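Q: Could you take me through one part of this model in close detail, and then show me how that part connects to what lies around it? A connected walk-through would suit me better than a list.

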Amino acid sequence: MTAPQRDPILSVRDLSLTFRGENGGLHVLDGINFEVCPQDFCCVLGPSGSGKSTLLRVLAGLLRPTAGEVAFCGSAEKPRIGLVFQQANLMPWRTALENITLPLELQGVPLEEARSRAREMIQLMGLEGFENTWPRDLSGGMAQRVAIARAFIQQPDLLLLDEPFGSLDALTRERMGAELLQIWQERQITVIMVTHSISEALLLSDRVLVFTPRPARITLDLEVDLPRPRSEDLRYTARFGELSRRLRAAIQES
Ligand SMILES: Nc1ncnc2c1ncn2[C@@H]1O[C@H](COP(=O)(O)OP(=O)(O)O)[C@@H](O)[C@H]1O
Ligand SMILES: [Mg+2]
């Protein structure tokens, strides 16, 4: 739950982005403002092509905004950021375990320590027995777990998830959502996740930002006051229905 008087970890102010090109380029983000507090789980919903992935790339420092700023505050001034995409993007020549150790190896962490921390992640993600499996032999859900473990192992201050379950079937998706919640609770990390599923956003997050079609503005910033821990059964409650309707209306009106 979002408590009052907490200092934000991330503050996005008047953020705009235009991709250069003919006819003045493509205006994608238009005056985006929001703050995220430590350990918040925040979802971004919006039509396809509105600029959600672009926002995550700006937050990750991969794209420079045309105007406005992204400020990380407090202990996270030089934040470690984990990024997970819709496709797992694993290295095919590395086993599951070796994919998870990779970020630590790149940081110069000794291999034995990297492996031991990766084994911890393997357990946390329910990947026991798949340590030495090649990416091509993993199911979509397993591969995505490896990708999440790889992002998690760096103990990111901010975890950015771009439709991480988008390529999975509905049941795997529900299970992965529940697992992600559990890890988020255990590890107390801050998450911003793009999804196009209203119910996924409500089941997971403290807060949902709804984007208009491009150029994206935030048309609704909704606090999700559903009790935790959450389970799929929440879907059948009146409050869930009410919040769903508000999100759907915001998406349709924008
Ligand atoms: N590097 C780029 N150069 C030019 N246009 C881009 C680039 N990346 C994305 N776009 C365009 O910006 C718009 C928003 O893209 P994106 O952020 O991926 O949308 P979403 O994730 O909401 O579906 C789209 O029209 C896309 O084609
Ligand atoms: Mg996208």
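A: Ile81 has Leu158 as its bridge partner in β6. That pair belongs to a parallel arrangement in this predicted model, in which β5 (residues 81-84) and β6 (residues 158-162) are joined by four bridges. Strand β5 is covered on both faces: Ile81 and Leu83 are buried on one side, and Gly82 and Val84 are buried on the other. If you are wondering about that split, in a regular strand the side chains alternate between the two faces of the sheet.

Let's move on from β6 to its other partner. Five bridges join β6 to β7, and these strands also run parallel. Within that pairing, Leu161 stands opposite Met193 of β7. Strand β7 in turn pairs with β3 (residues 41-45), again in parallel, through four bridges. Here Phe41 is the residue that stands opposite Val191 of β7.

Strand β7 itself deserves a pause. Five of the five residues of β7 (residues 190-194) are buried, so this strand is largely enclosed by the rest of the structure. Thr190, Ile192 and Val194 are buried on one side, while Val191 and Met193 are buried on the other, which leaves both faces covered.

Ile192 is a good place to look at the surroundings of β7. Setting aside neighbours within four places in sequence, Ile192 is in contact with Val36, Cys42, Val44, Leu59, Leu158 and Leu160. Notice Leu158 among those contacts: this is the residue that pairs with Ile81, where we began.

From there we can widen the view to the nonpolar core. The largest such core has 69 residues, and those with the most contacts inside it are Leu45, Val146, Ala149, Leu160, Val191 and Ile192. Helix α4 (residues 140-152) gives this core its largest share, seven residues. The core also draws on both domains, taking at least three residues from each of domain 1 (1-80 + 160-165 + 189-254) and domain 2 (82-155).

Those two domains make up the division of the chain, and their centres, taken over C-alpha atoms, are separated by 26 Å. Where they meet, eight residues of domain 1 are in contact with nine residues of domain 2. The side of domain 1 that touches domain 2 holds five nonpolar residues, no polar ones and three charged ones.

For a contrast with the buried strands, try Glu105, which sits in helix α2 (residues 96-106). Glu105 is partly exposed, because 14 other C-beta atoms lie within 10 Å, whereas a buried residue would need 20 or more. Not counting residues up to four places away in sequence, Glu105 touches Leu111 and Ala114. The C-alpha atoms of Glu105 and Asp225 are separated by 40 Å, with these positions 120 residues apart along the chain.

One more stop is ligand 1. The residues surrounding ligand 1 include Phe19, Leu26, Val28, Lys52 and Arg214. Both β2 (26-36) and α1 (52-59) supply at least two residues of this shell, and α1 provides the largest share, three residues. By character, the shell around ligand 1 divides into three nonpolar, seven polar and two charged residues. Two of the elements here also lead back to β7, as Ile192 is in contact with Val36 and Leu59, which fall within the ranges of β2 and α1.

Technical notes:
Residues numbered from 1 in each chain as written. Chains lettered and ligands numbered in written order. Predicted model: local features only at pLDDT ≥ 70, side-chain atom pairs only at ≥ 80, totals over all residues. Near = placed C-beta within 6 Å. Nonpolar A, V, L, I, M, F, W, Y, C, P; charged D, E, K, R; others polar. Core = buried A, V, L, I, M, F, W, Y, C linked by C-beta atoms within 7 Å. Buried ≥ 20, exposed ≤ 12 C-beta atoms within 10 Å, placed from the backbone. Domains from an automatic or database assignment. Contact = placed C-beta atoms within 7 Å. Pairing = 2+ DSSP bridges.
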